[in-house]
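Me: I'd like a close look at one part of this protein, the second helix. Could you take me through it, and then put it in the context of the chain around it?

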Amino acid sequence: RAEVSARAIAVERRTDRAKRIHRNAVTLGVPALEVVLGAAPEALRRLAPPDAAFIGGGLTAPGLLERCWEALRPGGRIVANAVTLEGEHVLAAARSARGGELTRIEISHAEPIGTFTGWRAQMPVVQWACVKGSA
């Protein structure tokens, strides 16, 4: 949102979720977000090579992470999140193959427990971030 010349494109296969993405973008101050209706990785073939790619789900779809990496321009950054063991496996393999950084993010919220308050853990997220080399 800070860079006025930046463009963002979201790929979503479900119409209801694509509409929600658009509504959220408008609400959060990103009205120019382009939402492409289609399934990744096939829908990515119609798009220009990105400077950055964010994968928020679907890591276990065959070829998705590889296609995003291939599409990324040299020097571009990829960030992918996983909440399942299967997704974590994909990210661990990506880190082994390409480098980058794995981070596990865990958040808990204070919630009532009777008349007291305790921490309720949310699902942890494993994140892989990597910059594509020029080679």
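How many of the eight residues of α2 are buried, and why is α2 described as enclosed or open?

Reply: Six of them are buried, so α2 is largely enclosed by the rest of the structure. Buried here is under 20% relative accessible area, exposed is over 50%, and partly exposed is in between (1.4 Å probe, protein chains only). Before going on, bear in mind that this is a predicted model, where local features need pLDDT of at least 70, side-chain atom pairs count only at pLDDT 80 or more, and totals for chains, interfaces and linings use all residues. Residues are numbered from 1 along each chain as its sequence is written, and side-chain values use heavy atoms, with hydrogens and water left out.

Back to the helix. The buried residues of α2 are L64, L65, R67, C68, W69 and A71, so you'll find an arginine and a cysteine on that list beside the leucines, the tryptophan and the alanine. Who does the covering? Their cover includes β3, β4 (77-82), α3 (85-98) and β8 (125-131). For the chain as a whole, buried residues make up 26% of the 135 residues.

Now zoom out a bit. The chain has three helices and eight strands, which are DSSP runs numbered from the N terminus (helices H or I, at least four residues; strands E, at least two). From the N terminus on, they come in the order β-α-β-β-α-β-α-β-β-β-β. The C-alpha trace spans about 55 × 35 × 30 Å along its principal axes. Take the contacts (heavy atoms within 4.5 Å) between residues at least 6 apart in sequence: 58% of them join residues at least 24 apart.

As for α1, that helix has 13 residues and reaches 18 Å from its first C-alpha to its last, close to the 18 Å expected at 1.5 Å a residue; the expected span is 1.5 Å times one less than the number of residues. Just after α1 comes G29, with a positive phi of about 90°. Further along, in the loop between β2 (34-37) and β3, sits P41, and a cis peptide bond with omega of about 10° joins A40 to P41. For background, most residues other than glycine have a negative phi, and most peptide bonds are trans.

On the far side of α3, G99 is in the loop between α3 and β5 (101-105). With 25% relative accessibility, G99 counts as partly exposed. Leaving out residues up to four places away in sequence, G99 touches A94, W128 and C130. By contrast, G99 and E34 are 30 Å apart in space, C-alpha to C-alpha, and 65 residues apart in sequence.

One more spot to click on is R7, in the segment before β1. R7 counts as exposed, at 64% relative accessibility, whereas R67 in α2 is buried. R7 and D51 are 44 residues apart along the chain, and their C-alpha atoms are separated by 9.9 Å.
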